Amino acid sequence: MKKTFSILSIFIFLIFSNLTINSCGSRDDTLSCFPLSPINVTLNLNLPAYYPITNSGGWIYVNEQQSGTNGLIIVRIGDTFKVYDRNAPHLCPDTGTVLEVKDNISILCPKDNTKWILTNGQPLDGAKTSLPPKTYPYNYDPVSKTLNVYF
């Protein structure tokens, strides 16, 4: 009887833990309706198109194949980068939720005017969410000036 009770307790605990982790509210700092698109981008920063991100504070949009649903925003911050998804993290994607860079200092969601700081993703005053824009990992080779973004 005790063994059956403890196995049942563990089973119930696992079910509730799984429901909590996979709830509809959020997943990886985004809504559950956030699209999961493959990210596999390689940029040669020696090319003129990528000149803005050779200097700190520079940014670009990347809209090539395998750069997510609506593309990426890549920002150079000193010797590092921030790679943001252009889908708003707090709204289900539609044509009004593609993030834009404004005045070289913030990221804007045109649907509800939520803004984040471009260099760190922190929400600005009046933001409709505390979620930062989704970011992706990258590898950078400073010798060849090659930036690889992946997910």
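**Strands, bridges and a buried leucine**

Colleague: Which residue in β4 is the bridge partner of Ile77?
Modeller: A caution comes before the answer: this is a predicted model. Six bridges join β3 to β4, and the two strands run antiparallel. Across from Ile77, the bridge partner in β4 is Thr80.

Colleague: Which residue takes a positive phi in the hairpin of β3 and β4?
Modeller: Two residues sit between the strands of this hairpin. One residue there has a phi near 65°. That residue is Gly78.

Colleague: Which residue of β3 stands opposite Val62?
Modeller: Start with the strands: β2 covers residues 59-62, and β3 covers residues 72-77. Four bridges join them, and they run antiparallel. Opposite Val62 stands Leu72.

Colleague: What is the order of strands in the open sheet of three strands?
Modeller: The pairing in this open sheet is antiparallel. β2 and β4 are the edge strands, as each pairs on one side only. From one strand to the next, the twist averages 20°. The order is β2-β3-β4.

Colleague: How many helices and strands does the protein have?
Modeller: Reading from the N terminus, the elements run α-β-β-β-β-β-β-β-β-β. The helix, α1, spans residues 2-21. The count is one helix and nine strands.

Colleague: What share of the 151 residues of the protein counts as buried?
Modeller: A residue is called buried when its relative accessible area is under 20%. Cys109, with a relative accessible area of 0%, meets that cut-off. For the protein, the buried share is 32%.

Colleague: What percentage of the exposed area do carbon and sulfur atoms supply?
Modeller: The protein exposes about 9,000 Å². Carbon and sulfur atoms supply a stated part of that area. The part is 58%.

Colleague: What percentage of the contacts with a separation of 6 or more comes from residues 24 or more positions apart?
Modeller: Contacts with a separation of 6 or more form the pool here. Within that pool, the pairs to look at are 24 or more positions apart. Those pairs account for 43%.

Colleague: Is Leu118 buried or exposed?
Modeller: Leu118 sits in the loop between β7 and β8. Its relative accessibility is 1%. The cut-off for the lower class is under 20%, so Leu118 counts as buried.

Colleague: How far apart in space are Leu118 and Ile107, C-alpha to C-alpha?
Modeller: In sequence, Leu118 and Ile107 are eleven residues apart. Beyond its neighbours within four places in sequence, Leu118 is in contact with residues including Trp59, Ile73, Val75, Tyr84 and Ile107. From C-alpha to C-alpha, Leu118 and Ile107 are separated by 5.6 Å.

Colleague: Which cysteine forms a disulfide with Cys33?
Modeller: The structure holds one disulfide. Its sulfur atoms are 2.0 Å apart. The partner of Cys33 is Cys92.

Colleague: How many residues apart in sequence are the parts that the pair Cys33 and Cys92 ties together?
Modeller: Cys33 lies in the loop between α1 and β1. Cys92 lies in the loop between β4 and β5, so the pair links two separate parts of the sequence. Their distance along the sequence, in residues, is 59.

Colleague: What handedness does the disulfide of Cys33 and Cys92 have?
Modeller: Both cysteines are partly exposed: Cys33 has a relative accessible area of 31%, and Cys92 stands at 44%. The torsion about their S-S bond is about -105°. The disulfide is therefore left-handed.

Colleague: Which residue forms a salt bridge with Asp94?
Modeller: Side chains of opposite charge can pair when their charged atoms come close. For Asp94 and its partner, the closest N and O atoms are 2.4 Å apart. Asp94 is partly exposed at 33%, and so is its partner, at 47%. The partner is Lys111.

Colleague: Why does the pair of Asp94 and Lys111 tie together parts that are apart in sequence?
Modeller: Asp94 lies in the loop between β4 and β5. Lys111 lies in the loop between β6 and β7, so the pair joins two loops. Along the sequence, these parts are apart by 17 residues.

Colleague: Which residue meets Lys102 in a salt bridge?
Modeller: A search of the whole structure finds two salt bridges. In the one with Lys102, N to O is 3.4 Å. Lys102 is partly exposed at 32% relative accessibility, and its partner is partly exposed at 26%. That partner is Glu100.

Terms used. Residues numbered from 1 in each chain as written. Predicted model: local features only at pLDDT ≥ 70, side-chain atom pairs only at ≥ 80, totals over all residues. Heavy atoms only, no water. Buried < 20%, exposed > 50% of the residue type's maximum accessible area, 1.4 Å probe, protein only. Contact = heavy atoms within 4.5 Å. Areas by Shrake-Rupley, 256 points an atom, 1.4 Å probe, with all protein chains shown as cover. Salt bridge = Lys/Arg side-chain N within 4 Å of Asp/Glu carboxyl O. Disulfide = S-S within 2.5 Å. Pairing = 2+ DSSP bridges. Axes fitted to C-alpha atoms, helices over the stretch in contact; angles between N-to-C directions.
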